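Student: I would like to take a close look at a single part of this protein. Could you walk me through that part and then through its surroundings?

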Amino acid sequence: MKCDRIIILLTKGENIMSNNLVITIGRQYGSAGREIGQKLAADLGIKCYDKEILAVAAKESGLCQELFETHDEKPTNSFLYSLVMDTYSLGYTSSGFVDMPINHKVFLAQFDAIKKLAHQESCIIVGRCADYALEEYENAISVFIHAKLDSRIKRIQRLYQMTEDKAKDVINKTDKKRASYYNYYSSKKWGDAKSYDLCIDSSIAGIDGTKEMIKQFIKIKEQKNEFK
């Protein structure tokens, strides 16, 4: 597949006119955020997109999927970030897009795929600044799942047969990478309660308990909207 097809992207400020429910999940590594998202999606009868969003973005944009996998939730420097956001907010010509560094293309294509998904269907999207992409979407609920470090270490050890030291190192590096990516590409701070509608400690609530808390939050929001 050629990797130079032009992407037609939505602007950041465009409202998504849809009644679809979209739940975005930010997560600390080892907090079971993906598993919780998958279980919640099964209960609600909708799809959960984690790395699957990469395939969607690749298909929509015509860029090679390998490019999305290479740059998946990886931070860039602040200079590149400013160039991306200037281009995104002011618009660009087709020739301008072709000349963009690949980091820009991947970021913008993924943003566009997230917004299109929200327009097309109710779903759950894990990570990848989805809450920021849908910041102006009324029916989006942003969740951040965290957990105590010792609980996350034990989970990663169990899932990937790692030593305690190795698991701790992987957790710290992954969280740092996710925080850097989120903080560069959004106007908010990764893991800060003010950045999300709901924050839950899965090491206290448990996987099923966290899932049920999110479901209850959805009901509360829906009831509130009924009386507007």
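Student: Does C129 count as buried or exposed, and at what relative accessibility?

Tutor: Happy to help! A word on the basis of what follows: this is a predicted model, in which local features need pLDDT of at least 70 and side-chain atom pairs count only at pLDDT 80 or more, while totals for chains, interfaces and linings use all residues. Residues are numbered from 1 along each chain as its sequence is written, and side-chain values use heavy atoms, with hydrogens and water left out.

Now to your residue. C129 counts as buried because its relative accessibility is 3%; buried means under 20% relative accessible area, exposed means over 50%, and partly exposed lies in between, with a 1.4 Å probe and protein chains only. C129 sits in the loop between β3 and α7, where helices (H or I, at least four residues) and strands (E, at least two) are DSSP runs numbered from the N terminus. Although C129 is not a glycine, its phi is positive, at about 55 degrees. Setting aside neighbours within four places in sequence, C129 is in contact with F111, Y181, Y182 and Y185, contact being heavy atoms within 4.5 Å.

C129 also belongs to the largest nonpolar core, which has 26 residues; V22, I114, C129 and L134 are the members that touch the most others. Such a core is a set of buried Ala, Val, Leu, Ile, Met, Phe, Trp, Tyr and Cys residues joined through side-chain atoms within 4.5 Å. At least two residues of this core come from each of α2 (52-61), α6, β3 (123-126), α7 (130-133), β4 (140-146) and α9. The largest share, 6 residues, is supplied by α6. A second, separate core holds 18 residues, including I23, A41, V126 and L198.

Helix α6 (residues 102-120) also carries D112, which counts as buried because its relative accessibility is 2%. From C-alpha to C-alpha, D112 lies 8.2 Å from A133, with their positions 21 residues apart in sequence.

Helix α9 takes us to another piece of packing. The axes of α8 (residues 149-160) and α9 (residues 164-185) come within 9 Å and cross at roughly 110 degrees. These axes are lines fitted to C-alpha atoms, for helices over the stretch in contact, and angles run from 0 to 180 degrees between N-to-C directions. The two helices, α8 and α9, are therefore roughly perpendicular to each other; that label covers 65 to 115 degrees, while under 35 counts as roughly parallel, over 145 as roughly antiparallel and the rest as oblique. On the α8 side the contact is made by L149, R152, I153, I156 and Q157, and on the α9 side by E164, A167, K168, I171 and D175. Those residues divide into 5 nonpolar, 1 polar and 4 charged, where Ala, Val, Leu, Ile, Met, Phe, Trp, Tyr, Cys and Pro count as nonpolar, Asp, Glu, Lys and Arg as charged, and the others, Gly among them, as polar.

In the loop between α8 and α9 lies Q161, a residue other than glycine whose phi is positive too, near 50 degrees. Q161 is exposed, because its relative accessible area is 65%.

Finally, the wider setting: the protein has 10 helices and 5 strands, and buried residues make up 47% of its 228 residues.
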